[in-house]
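Let's take a walk through this structure, starting with its empty spaces and moving on to its aromatic rings. Keep the 3D view open as you read.

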Amino acid sequence: MFNLRTSMSGRQYSPGVLIGNWNEDVCLEEELLKDFLCKRERGELLIQKSKKLREYLYKKEQLSISTDGFLHFGDTVLLVSPDNNTSPDKEPTMTGNLSLAVNPKETDILQDNELKAPCALSAINSVTPIGRNAFRILSIEGECMGEPLRFGQNFGLGASGGFPEKMLFVASDHRSFENMTKKSSLQPVFLTDELTYLASWQATYLDPQLRMEYEGFPVPANTKILIVHSHTNQALAVPRIYWIRTYFGKEFEVNCHTYLDTHRAEEDKNYWMVVTGNPSSQTTTMFDRPKPPSDADREQNSEIPKVICPC
């Protein structure tokens with residue numbers, strides 16, 4: 001805490017040696033100590049702010065439970081990019097289920113203790129509902145909370161990052177020289193503080209041949225869909241080949257671009273699952289719920305002969 005005193009000749013002395021402006025040095029050291037103690041009492045030290053920041057962002061969130069199997073306005077959900085990379089040539093870091101999460105700047109949050117617009121987004125290797133990756137389905141055209149969300153209907157996505165006061169909205173805009181993603185140089189996705197047409201999205205049925213037939217039907221929860229930006233008609237995507245360095249470590253870049261294959265159908269980079277809560281457990285999601293046995297498994301189990309033990 002106390003520094004060595006240096007004389008005019010450059011020789012260093014211990015703090016107990018009274019040389020030069022020793023009285024001013026002692027007063028300065030006392031003021032620094034008082035300032036440190038005062039900031040510690042008020043919780044304004046950098047280490048205290050960083051700890052509080054992580055408590056908010058990694059606070060466990062409870063997702064909404066769907067009783068009818070559909071998504072509704074006002075639901076708190078996870079946006080999960082399912083694992084579709086089954087090729088053995090893929091690296092292990094490119095596989096797995098990813099969830100959309102807020103990626104705030106550390107300096108902005110340490111100053112205001114809330115999410116500050118504009119805020120970046122990224123994809124993380126976690127499907128546990130926490131403050132970072134919990135989003136809320138919002139109404140844009142005046143629908144009542146609790147009404148089912150339908151294919152082709154505009155909706156918004158809000159995120160608070162675990163902070164209790166302010167909510168930001170997922171938005172996108174056309175790519176420009178100053179407005180593009182860092183790695184893929186495509187249309188960016190970010191958080192804004194205004195729920196405008198830039199923050200309007202639509203759910204699209206996955207199969208292109210049945211897309212028109214499902215227009216206007218309720219969107220089922222925990223199934224693969226496309227999330228398309230209403231203004232630019234580009235789909236939300238995670239390419240999985242671009243990663244970025246963040247305050248939380250290495251995470252995947254998120255953009256707004258429709259990836260098409262040779263059949264003019266969307267690739268798995270655009271697939272999303274809107275995950276709801278597990279009704280049998282408040283700490284897990286429907287994504288963690290065990291899948292029911294298939295027809296082949298049921299037939300295989302029925303063929304196994306039952307052995308009756310003699311009494």
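One thing up front: this is a predicted model. Start with the lining of the largest pocket, which by class has 14 nonpolar, four polar and eight charged residues. This pocket has a volume of about 770 Å³. If you want to find its centre, look for N103, K105, A120, L121 and K182, which lie nearest to it among the 26 lining residues. The elements that each give two or more residues to this lining are α3 (106–112), β5 (119–124), β9 (189–192) and β13 (243–246).

Now for the closed spaces. There are two cavities of 30 Å³ or more, and the largest cavity comes to about 60 Å³. Its lining has eleven nonpolar residues, with no polar and no charged ones. Among them are L71, I137, F155 and V274. Here β3 (76–81), β7 (154–159) and β11 (224–229) are the elements that give two or more residues.

On to the rings: the structure holds seven aromatic pairs. Take F151 and Y205, an edge-to-face pair at 5.8 Å centre to centre, with 85 degrees between the planes. F151 sits in the loop between β6 (134–139) and β7, and Y205 in the loop between β10 (201–204) and β11, so the pair ties together parts 54 residues apart in sequence. F151 counts as buried because its relative accessibility is 4%, under the 20% cut-off, while Y205 is partly exposed at 22%. Both rings belong to one aromatic cluster with Y214 and F217.

Finally, two charges sit over rings: R132 lies over the face of F248, 3.9 Å from the ring centre, and K269 lies over the face of Y259, at 5.3 Å.

Methods: Residues are numbered from 1 along each chain as its sequence is written. This is a predicted model: local features need pLDDT of at least 70, side-chain atom pairs count only at pLDDT 80 or more; totals for chains, interfaces and linings use all residues. Side-chain values use heavy atoms; hydrogens and water are left out. On a 1 Å grid over the protein atoms alone, a cavity is a set of points where a 1.4 Å probe fits but cannot get out, and a pocket is an open set with protein on both sides within 12 Å along at least five of seven lines; lining residues have an atom within 4 Å of a point. Grid points are joined across faces, edges and corners, and a volume is the space filled by probe spheres set on the points. Helices (H or I, at least four residues) and strands (E, at least two) are DSSP runs, numbered from the N terminus. Ala, Val, Leu, Ile, Met, Phe, Trp, Tyr, Cys and Pro count as nonpolar, Asp, Glu, Lys and Arg as charged, and the others, Gly among them, as polar. Rings of Phe, Tyr and Trp (its six-membered ring) pair if their centres lie within 6.5 Å; planes under 30 degrees apart count as stacked, over 60 as edge-to-face and the rest as tilted. Buried means under 20% relative accessible area, exposed over 50%, partly exposed in between (1.4 Å probe, protein chains only). A charge sits over a ring if NZ of Lys or CZ of Arg is within 6 Å of the ring centre and within 35 degrees of the ring normal.
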